[in-house]
Amino acid sequence: MGQSKSQLRAAVRDFYEDYAATLDADRVEAWPAFFTEDALYQVISRESHSQGLTHATIYCNGIRMIRDRGAAIRQTAVFEQRVIRHFISNVQVSEENGEIRGGANFLLIESLYDREPQVLMVGEYIDVLVRDGDGFKLKQRSAVYDNYRVRTTLVLPV
Amino acid sequence: MTLSNSIADERVWPELGACRVPSWVYTDQELFEREMEKFHYGKTWNFVGLECEIPEPNSYRRSFVGPRSVIITRDEQGEVHVVENRCAHRGAPVCWKQSGKGKDLTCPYHEWTYDLSGNLQGVPFLRGAKPHPGMPRDFNKADHGLRKLKTHVHNGTIWASYSEDVQPFEDYVGPEILRFINRVFPGREIRLLGYSRQHIPGNWKLYFENSRDPYHATLLHSFFTTFGLYRADAKFCVTPQPNGHEYIYSHFTSNTREASADMAAEMKNIKSSFTLEDMSVVTPVDEFKDGLISSLQVFPSIFIQQHGNILALRHILPKSAGGTELAWTYFGYADDTEEMKQLRLKQGNLVGPAGYVSLEDSEVLTQVQRTLTSAPDTVQVIEMGGRDNFEPSETAITETLLRSFWKFYRSEMGFDGAAA
């Protein structure tokens, strides 16, 4: 398509930062739009992932489950108010036969009402992207977290 | 060991006994140490893992009994052992990996080597660096093995005890708990699905109580009630058991979603307009052919849950008076169909650190611990169902399991005035 690897990487980086900004702004209703209809989204521990185990802490197979996750957070979940900030770095891309594989590090800092901010989660995204107009959509996103333990609770998507 | 000195002398349980709980019981670090000695390192059986986590001979995996690191091993003959992960020499952990394979365990510090049953096999420079002397001539390797725990394997589950004179496992859990363990562990081959762990900045007993408190589940977890997964108007069997154990089961039928009007009025959290686009998450297949949702606790270490098609172990690992690791192990059966595998993955969203019906627990317990720490002399009230009611209940709206727990605890720890 005449796009150099650095142009592709810059475009994917933009896409990742828009994804992070959407979640950081607590716009969970807008979050499913980053995925294809048949997308697989999961948040999985490094411990399970490295052993090839399938259970994921959050597992959404298809856009309907992705929308359900957002709706459940809004409508039924009871949790402390919090602000989450995503820090995305080390974006990697490769394209073969029209399939784009992407990845990046993520760091999530959580701030609760009367406590110091803390690292909620650190890990890597392992993605498959498809082109969507000038941008992309996620066909697969595995957020593999390195933490041995989740710090208290994982409420919002990663 | 009885609670003969400091704590029992200084601490007085509030009047009215088991329906009152003093807040210091969750915050006192010295009391925490006593609890570990009495319970986790005492005459109890602690869950440590599943056989399918060490499937082959010459394999091992780390686990915990209380705050102590232990190693579950399967030796060359296939026999399962549980040993402390603490070198008999200088106390270094022998095993630094979560799991591994090999015929022996070598401590990295001075390379003392143990076989998988914990016997000391080799000590470098046993006879010294000649001509200089090594270990004393009477140093006997048989006296310096890893601390061995009594081990019991039951239908794929592995249990350990620090006590040589603990009751046999079947007697310790009792026939009713055994029946419900056997319902999900009937001897069918188990398939490990994965792990989620969370750190809860709260006392381990808060989590123990939370998972034996069906009253809160009908109110706090509105996802549960909205989809009729766990409703106050369902028929329950909430049953205290000896030795601090309990079990709960209820009947799941799709029409429990239609709550009776008066019950619904009490449960403000029911979101009758909320639906899911993918209802398979809340539409279990009745794989045990009895229509039940069931859970049980084997004190002091494990909560075993079958919720729809989720089979999960909540391993409760106390770290300190104010901190607990909750280790979730998810499993299925080796002969699960592809459909069942997918259903277990999907329904896995219900429980765990991000679970639709469990994320509230770690949220609320964190805040409870903070409040209790700031007010250790306050007293909690546990009267739902009756102040002196320790009987099984047919409704979820009961605190009988909490009172039963505190009755047991007070007696074991010498707080009931009976122990001298």
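## Close-up views of a predicted two-chain model

**View 1. Strand β13 of chain B and its hairpin.** Four of the five residues in strand β13 (residues 236-240) of chain B are buried, which leaves the strand mostly covered. Everything shown here and in the views below comes from a predicted model. The partner of β13(B) is strand β14 (residues 246-251) of chain B, and the two pair in the antiparallel sense over five bridges. To find your way along the ladder, look for P240(B), which sits opposite E246(B) in β14(B). The hairpin has five residues between its strands, and N243(B) takes a positive phi near 65° there.

**View 2. Strand β12 of chain B, with neighbours from chain B and chain A.** How many of the 11 residues of β12(B) are buried? The count is 10, so the strand is largely enclosed by the rest of the structure. Within chain B, 10 bridges tie β12(B) to strand β18 (residues 323-333), and these two strands run antiparallel. A handy pair to zoom in on is S196(B) and W328(B), with the tryptophan in β18(B) standing opposite the serine. Strand β12, which covers residues 190-200 of chain B, also has a link across to the other chain: two bridges join it to β7(A), and here the strands run parallel. In that cross-chain pairing, R151(A) stands opposite H199(B).

**View 3. The side of chain A that touches chain B.** Zooming out a little from the β7(A) pairing, the whole contact takes 32 residues from chain A and 35 residues from chain B. Which elements of chain A each supply at least two residues to this side? They are β1 (35-45), α2 (46-50), β2 (58-61), α3 (63-75) and β7 (150-151). Helix α3(A) gives the largest share, with six residues. By residue class, the chain A side splits into 14 nonpolar, 11 polar and seven charged.

**View 4. The six-stranded sheet of chain A, with helix α1 packed on it.** Reading across this open sheet, the strand order is β2-β1-β6-β5-β4-β3 (chain A), and the pairing is mixed. At the edges stand β2 and β3 (82-96) of chain A; each has a single partner strand, so one side of each lacks a neighbour in the sheet. Ignoring direction, neighbouring strands are turned by 20° against each other on average. Further in, β1(A) pairs with strand β6 (residues 135-145) of chain A in the parallel sense, over seven bridges. If you want one pair to pick out, take I44(A), whose bridge partner in β6(A) is V144(A). Helix α1 (residues 5-24) of chain A packs on the sheet and touches β3, β4 (99-112), β5 (118-132) and β6 of chain A. The direction of α1(A) makes about 160° with that of β3(A).

**View 5. A three-stranded sheet in chain B.** Back in chain B, three strands line up as β7-β8-β9 in an open, antiparallel sheet. The edge strands are β7 (104-106) and β9 (120-122) of chain B, each pairing on one side only. Leaving direction aside, the neighbours in this sheet are turned by 35° against each other on average. Three bridges connect β7(B) with strand β8 (residues 113-115) of chain B, and the two run antiparallel. What stands opposite D104(B) in β8(B)? It's another aspartate, D115(B).

**View 6. Where the two domains of chain B meet.** Chain B is divided into domain 1 (46-154) and domain 2 (175-413). Their C-alpha centres lie 36 Å apart. The contact between them takes eight residues from domain 1 and 13 residues from domain 2. On the domain 1 side, strand β2 (residues 46-50) of chain B provides the largest share, three residues. That same side divides into five nonpolar residues, two polar and one charged.

**View 7. Chain B as a whole, for orientation.** The secondary structure of chain B adds up to 10 helices and 19 strands. Its C-alpha trace spans about 90 × 60 × 35 Å along the principal axes. How does the radius of gyration fit a compact globule? For 420 residues such a globule would come out near 22 Å, and chain B has 23 Å, which agrees. Buried residues account for 46% of the 420 in the chain. Among contacts in chain B between residues at least 6 apart in sequence, 65% join residues at least 24 apart.

Note on methods: Residues are numbered from 1 along each chain as its sequence is written. Chains are lettered from A and ligands numbered from 1 in the order in which they are written. This is a predicted model: local features need pLDDT of at least 70, side-chain atom pairs count only at pLDDT 80 or more; totals for chains, interfaces and linings use all residues. Two residues are in contact if their C-beta atoms, placed from the backbone, lie within 7 Å. Ala, Val, Leu, Ile, Met, Phe, Trp, Tyr, Cys and Pro count as nonpolar, Asp, Glu, Lys and Arg as charged, and the others, Gly among them, as polar. Two strands pair if DSSP finds at least two bridges between them. Axes are lines fitted to C-alpha atoms, for helices over the stretch in contact, and angles run from 0 to 180 degrees between N-to-C directions. Domain bounds come from an automatic or database domain assignment. A residue is buried if 20 or more other C-beta atoms lie within 10 Å of its own, exposed if 12 or fewer, and partly exposed in between; C-beta atoms are placed from the backbone. The radius of gyration is taken over C-alpha atoms; the globule rule is 2.2 Å times the number of residues to the power 0.38.
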